[in-house]
Amino acid sequence: MTVKQYVNNKKIELAKKMLADNKKNLQEISNYLSFVDKSYFVKIFHSITGVTPKKYRHELFDKK
């Protein structure tokens with residue numbers, strides 16, 4: 001695992017927690033985690049988790 005992959009994994013772990021909070025939108029999360037833009041955040045999130053942030057949040061709240 002490269003340093004970049006490690007950092008992205010840690011960012012996505014935090015993003016999952018932020019998505020579960022349901023207080024911030026994707027743009028705010030992307031900015032907070034210092035991604036270049038929202039689309040890059042979505043791309044990295046999807047590559048690590050296999051789902052988009054929107055779908056991840058939707059699945060979280062459908063289970064509750």
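**Loop residues and phi**

I began with N22, which lies in the loop between helix 1 and helix 2; the model I am reading is a predicted one. The phi of N22 is positive, about 65°, although N22 is not a glycine. I noted this because most residues other than glycine have a negative phi. For cover I looked up the relative accessible area of N22, and at 41% N22 is partly exposed.

I then went on to S34, whose place is in the loop between helix 2 and helix 3. Here too I found a positive phi in a residue other than glycine, with a value near 65°. S34 has a relative accessible area of 56% and is therefore exposed, since the cut-off for that word is over 50%.

**Helix 2**

Two residues of helix 2, which spans residues 26-32, went into my notes. E28 has its place in this helix, and at 39% relative accessibility I entered E28 as partly exposed. I also took a distance from E28 back to M18, ten residues away along the chain, and the C-alpha atoms of the two are separated by 9.9 Å.

S30 is likewise found in helix 2. Its relative accessible area is 0%, so I entered S30 as buried. When I asked what the side chain of S30 meets, I found that one of its polar atoms lies 3.2 Å from the backbone oxygen of D37.

**Aromatic rings**

Next I searched the whole structure for aromatic pairs, and the search gave four. The one I wrote out in full is F45 with Y56, an edge-to-face pair with 5.6 Å from centre to centre and 70° between the planes. This pair links distant parts of the chain, as F45 belongs to helix 3 (residues 38-49) and Y56 to helix 4 (residues 53-63), with their positions eleven residues apart in the numbering. I checked the cover of F45 as well: its relative accessibility is 0%, and F45 therefore counts as buried.

Following the rings further, I found that F45 and Y56 belong to one aromatic cluster together with F35, Y40 and F41. F35 has another partner to record, for the charged end of K11 sits over the ring of F35, at 4.7 Å from the ring centre.

**Salt bridge in helix 1**

Which side chains meet in a salt bridge? I recorded that the structure holds one such bridge, and that the side chains of K10 and E13 form it, with 3.9 Å from N to O. The bridge fits the general remark that side chains of opposite charge can pair when their charged atoms come close. Both residues lie in helix 1 (residues 3-21), and because K10 and E13 are three residues apart there, about one helical turn separates them. I then looked up how far each of the two is covered: K10 is partly exposed at a relative accessible area of 39%, and E13 is partly exposed at 42%.

**Start of the chain**

At the start of the chain I looked for nonpolar side chains on the surface, and found that M1, V3, Y6 and V7 form a nonpolar patch there, with about 470 Å² of accessible area together. Of these I followed up Y6, which lies in helix 1; its relative accessibility is 47%, so Y6 counts as partly exposed.

T2 has its place in the segment before helix 1, and at 45% relative accessibility I entered T2 as partly exposed. My last distance runs from T2 to K54, which are 52 residues apart along the chain, and the C-alpha atoms of these two are separated by 27 Å.

Terms used. Residues are numbered from 1 along each chain as its sequence is written. This is a predicted model: local features need pLDDT of at least 70, side-chain atom pairs count only at pLDDT 80 or more; totals for chains, interfaces and linings use all residues. Side-chain values use heavy atoms; hydrogens and water are left out. Rings of Phe, Tyr and Trp (its six-membered ring) pair if their centres lie within 6.5 Å; planes under 30 degrees apart count as stacked, over 60 as edge-to-face and the rest as tilted. Helices (H or I, at least four residues) and strands (E, at least two) are DSSP runs, numbered from the N terminus. Buried means under 20% relative accessible area, exposed over 50%, partly exposed in between (1.4 Å probe, protein chains only). A charge sits over a ring if NZ of Lys or CZ of Arg is within 6 Å of the ring centre and within 35 degrees of the ring normal. A salt bridge is a side-chain nitrogen of Lys or Arg within 4 Å of a carboxyl oxygen of Asp or Glu. Patches are made of residues with over 30% relative accessible area and no salt bridge: like charges are joined within 9 Å, nonpolar side chains (Val, Leu, Ile, Met, Phe, Trp, Tyr) within 5 Å. Accessible areas come from the Shrake-Rupley method with a 1.4 Å probe; for residues, only the protein chains shown count as cover. A polar contact is a pair of N or O atoms within 3.5 Å; within protein, one must be able to donate a hydrogen and the other to accept it, and residues adjacent in sequence count only if both atoms are side-chain atoms.
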